[in-house]
Each structure stands twice: as C-alpha cells, then as structure tokens.
Amino acid sequence: MQKPRSRIFLSIMIPLLMAIAIGAGYILYEYRKLPADLTERKADFSMSAKKLAEEFHLNEALAEQNYTGKILEVSGPVKEINSEEYLMILGDSSYPVMISCALKPGGEKLILNEGTKANVVIRGVCTGYLLDVQLNNGVIINKN
C-alpha cells in the first residue's frame, strides 16, 4: 500500500515544484530587467513644463488619468539639480507646482556646467503627482 501513496505524492509534488521554480524564475527576470531607455522611444505627449504643472494643479484626477504611465516629453527651465539623487526640478516661481524628474545616473552631468538657468527637454515616464509632478527614468533630449 505504500507504493500508491508515494506515487500520488510524487505525481503532485513534482509538477508543483516545477511550477514554483518557473514562477520564481519569471519573477526574478522581471525584477532584474532594466527599465527601457527612453532616448529612442517616442513620447506619448509633448508639452511645456508650465502647461503640465497647470493641468495637474487645476484638475489632478483628470491629469493623472491622462498622463500616469505615459511617456512625456517636457520642456522648461531647470530650477534645481540634485546630482547625488539624480534628480532635476523643472519650473520657476510662476509655476503652480514643479516638475520633478528622476534622471538615469549620469544624466545630470550634461547640464551641470550650464548652471540651473538652462532650458531643457526631458523625456520620462509620468508616475503621478505627490508634491510635484513626478517623471521617472528621465533622459535629457535637448538643452538650450
């Protein structure tokens, strides 16, 4: 009677362990996958930083619905650069909210020499609005 029990046990455990191993491999693959490079990707929307800031300020829910998860190409003046966190803030005192863009490492060096008054075009993925409009995985497309 021991043989049928062990066969049933093995016929359940082997496929179960294989499914767990495949699932763990897929999760690890997705976790380690690098984010897409936005340098060559086409933006879903292109606008000025001021227009984007105003849209989020006037109707946050609608702006989040329209832009969250989309690739945005945003142009505007650089207010601040944090090279330790690879972060760039676009905007000036006339903006209702600022645009915060997390750059790919090394991206901030392209404009550090120009100072914080440079105008730039940044492409990034909009992740919503906290205290600022958030763009992630940002790349500098152009600087004036």
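Among contacts in the chain between residues at least 6 apart in sequence, what percentage join residues at least 24 apart? The share is 62%, where contact denotes heavy atoms within 4.5 Å.

## Basis of the model

The model is predicted: local features require pLDDT of at least 70, side-chain atom pairs count only at pLDDT 80 or more, and totals for chains, interfaces and linings use all residues. Residues are numbered from 1 along each chain as its sequence is written, and side-chain values use heavy atoms, with hydrogens and water left out.

## Chain and surface

Four helices and six strands make up the elements of the chain; helices (H or I, at least four residues) and strands (E, at least two) are DSSP runs numbered from the N terminus. In order from that terminus, the elements run α-β-α-α-β-β-β-α-β-β.

Of the 144 residues in the chain, 33% are buried. Buried means under 20% relative accessible area, exposed over 50%, and partly exposed in between (1.4 Å probe, protein chains only). The chain exposes about 9500 Å², of which carbon and sulfur atoms supply 58%; accessible areas come from the Shrake-Rupley method with a 1.4 Å probe, and for residues only the protein chains shown count as cover.

## Nonpolar core

The largest nonpolar core (buried Ala, Val, Leu, Ile, Met, Phe, Trp, Tyr and Cys residues joined through side-chain atoms within 4.5 Å) has 27 residues, and Leu52 and Leu90 have the most contacts inside it. Two or more residues come from each of helix H2 (49-58), helix H3 (60-67), strand S2 (71-82), strand S3 (87-90), strand S4 (99-103), strand S5 (119-129) and strand S6 (133-143).

Apart from its neighbours within four places in sequence, Leu52 is in contact with Met47, Tyr67, Leu72, Val74, Ile99 and Val133.

## Salt bridges

Two salt bridges are present in the structure, each defined as a side-chain nitrogen of Lys or Arg within 4 Å of a carboxyl oxygen of Asp or Glu. Side chains of opposite charge can pair when their charged atoms come close.

One bridge joins the side chains of Glu55 and Lys51, at 2.6 Å from N to O. Both residues belong to helix H2 and are four residues apart, about one turn of the helix. Glu55 counts as partly exposed because its relative accessibility is 22%, and Lys51 is likewise partly exposed, at 41%. The side chains of Glu73 and Arg123 also meet in a salt bridge, at 2.4 Å from N to O. This pair links distant parts of the chain, with Glu73 in strand S2 and Arg123 in strand S5, 50 residues apart. Glu73 is buried, with a relative accessible area of 17%, and Arg123 is buried at 10%.
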